[in-house]
Amino acid sequence: MDNDLVQLLRTVIREELIPIKEEVSSVKEEVSSVKAEVSSVREDVISIKVEVSTIKEELETVNVRLDRIEAEQQIMKHEQELIKRAVLETNERVIKIESILENQHRIIELLSARSIE
């Protein structure tokens, strides 16, 4: 009878362990699924990091170009100011020359009138 009792206990324990084994198996499958998802997320994060790095490099290039454009713009503003001054000076000289020519014309007319008399 002792042997029968041991057998009975073994049978009961086995029957009780079956749902536990199934639950453990189910948990293992879920853990495996979670690991796969985590691996996929890691790959996505790595891909995003690469893209962000590329964007940063491109942004640095754009900033360098922008700095160069701003420097060139400052040079152009300075040159434009110099051109404006030169144009104003030239305009003043032209006005003076016109005034001198008018005076010379009057003098020539006056001299012509005197020589005719």
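What percentage of the 117 residues of the chain count as buried? The share is 0%. This is a predicted model, and the statements below describe that model.

The overall form can be taken next. The secondary structure of the chain consists of 1 helix and 0 strands. That helix, H1, covers residues 2–116. Along the principal axes, the C-alpha atoms of the chain fill a box of roughly 170 × 15 × 10 Å. The radius of gyration of the chain is 49 Å, whereas a compact globule of 117 residues would have a value near 13 Å.

Distances between particular residues give another view of the chain. Ser99 and Leu5 are separated by 94 residues in sequence, and their C-alpha atoms are 137 Å apart in space. Asp67 and Gln104 are 37 residues apart in sequence, with a C-alpha to C-alpha distance of 55 Å. Ser99 lies in helix H1, and so does Asp67. Ser99 has a relative accessible area of 37%, so this residue is partly exposed. For Asp67 the relative accessible area is 48%, which means that Asp67 is partly exposed too, because exposed residues need over 50%.

The surface comes next. The chain exposes about 11400 Å², and carbon and sulfur atoms supply 59% of that area. Which residues make the nonpolar surface patch of about 700 Å²? They are Leu5, Leu8, Leu9, Val12, Ile13, Leu17, Ile20 and Val24. Leu8, one of these residues, has its place in helix H1. Leu8 counts as exposed because its relative accessibility is 51%, and the cut-off for exposed is over 50%.

Charge is the next topic. The chain carries 17 positive and 26 negative side chains. The centres of these two sets lie 7 Å apart. A negative surface patch is formed by Glu22, Glu23, Glu29 and Glu30. Of this patch, Glu30 can serve as an example: Glu30 is found in helix H1, and its relative accessibility of 51% is why Glu30 counts as exposed.

Side chains of opposite charge can pair when their charged atoms come close. How many salt bridges does a search of the whole structure find? The search finds 1 salt bridge. Its partners are Glu72 and Arg68, with the closest N and O atoms 3.8 Å apart. That distance meets the criterion for a salt bridge, because the nitrogen has to be within 4 Å of the carboxyl oxygen. Glu72 and Arg68 are 4 residues apart in helix H1, so about one helical turn separates them.

Are the two partners buried, exposed or partly exposed? Glu72 counts as partly exposed because its relative accessibility is 41%. Arg68 has a relative accessibility of 47%, so Arg68 also counts as partly exposed. Buried would mean under 20% relative accessible area, and of the residues of the chain 0% count as buried.

Conventions: Residues numbered from 1 in each chain as written. Predicted model: local features only at pLDDT ≥ 70, side-chain atom pairs only at ≥ 80, totals over all residues. Heavy atoms only, no water. Patch = residues over 30% accessible without salt bridge, like charges linked within 9 Å, V, L, I, M, F, W, Y side chains within 5 Å. Areas by Shrake-Rupley, 256 points an atom, 1.4 Å probe, with all protein chains shown as cover. Salt bridge = Lys/Arg side-chain N within 4 Å of Asp/Glu carboxyl O. Lys, Arg positive; Asp, Glu negative; His and termini not counted. Charge placed at Lys NZ, Arg CZ, Asp CG, Glu CD. Helix = DSSP H or I, 4+ residues; strand = E, 2+ residues; numbered from the N terminus. Buried < 20%, exposed > 50% of the residue type's maximum accessible area, 1.4 Å probe, protein only. Rg over C-alpha atoms; globule rule 2.2 N^0.38 Å.
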